[in-house]
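Trainee: I've got a model open on my screen and I'd like to talk it through with you. Can I throw some questions at you?

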Amino acid sequence: MFREVLGFLAADGWPVAPDTFDGVPCIRTRFAGTDDAWDCRARPYDPFGQLAFESVLPLTVGPEHLDAVTQLVVRANWRLLTGAFQLDLDSGELVFRTMVFLSDGVELPEALCRGLVYSNVLTVDRCLTEFKAAAAGDDPIQAYERLAL
């Protein structure tokens with residue numbers, strides 16, 4: 001699966017760099033959205049048929065805003081049909097993760113990879129402004145109401 005994801009991203013014009021994350025091989029890349037750019041990582045777990053694609057939002061949530069952003073994460077995730085925002089309460093890192101599972105030995109179809117990747121980055125692109133606002137102290141309920149989900 002690693003090879004298929006790397007090939008898809010490279011052929012689609014994404015900058016790619018094989019790397020590791022938490023001791024597991026990953027592919028690092030970057031996406032330029034409407035108003036900002038951010039790092040992404042593809043994390044294929046070949047033995048298990050799992051592929052996670054994560055956007056690392058370009059913000060760090062300070063301790064004073066953890067409650068507000070956590071509230072926005074929970075509310076946003078309730079409405080999402082695919083993927084989820086995840087907040088590391090220790091580091092303040094906010095990511096959006098989409099994931100797919102494939103049966104043993106099934107190759108990753110390009111269309112499935114494309115859907116996984118683009119549903120991820122386009123969701124982040126629609127929500128980034130409101131997460132930045134909440135991380136800067138705006139009311140999470142108002143930010144939630146402005147989300148384009």
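Trainee: In what sense do strand 5 and strand 6 pair, and over how many bridges?

Mentor: Sure, and keep in mind that this is a predicted model. Take strand 6, residues 93-101, and put it beside strand 5. One of the contacts to look for is Q86, whose bridge partner in strand 6 is V95. The two strands pair in the antiparallel sense, over four bridges.

Trainee: Which strands are the edge strands of the sheet?

Mentor: Start from the order: six strands make an open sheet, arranged 1-2-3-4-6-5 with antiparallel pairing. An edge strand pairs on one side only, and that fits strand 1 (17-21) and strand 5 (84-87). As for the twist, neighbouring strands are turned against each other by 35° on average, direction ignored. So much for the layout; the edges are strand 1 and strand 5.

Trainee: What angle does the direction of helix 3 make with that of strand 4?

Mentor: Helix 1 (residues 2-11) lies across strands 1, 2, 3 and 4, running at about 15° to strand 2. Helix 3, residues 110-135, also packs on the sheet and touches strands 2, 3, 4, 5 and 6. Its direction relative to that of strand 4 is about 25°.

Trainee: Is D22 buried or exposed?

Mentor: Look in the loop between strand 1 and strand 2, where D22 lies. D22 has a positive phi of about 55° although it isn't a glycine. Most residues other than glycine have a negative phi. With a relative accessible area of 66%, and the cut-off being over 50%, D22 is exposed.

Methods
Residues numbered from 1 in each chain as written. Predicted model: local features only at pLDDT ≥ 70, side-chain atom pairs only at ≥ 80, totals over all residues. Heavy atoms only, no water. Pairing = 2+ DSSP bridges. Axes fitted to C-alpha atoms, helices over the stretch in contact; angles between N-to-C directions. Contact = heavy atoms within 4.5 Å. Buried < 20%, exposed > 50% of the residue type's maximum accessible area, 1.4 Å probe, protein only.
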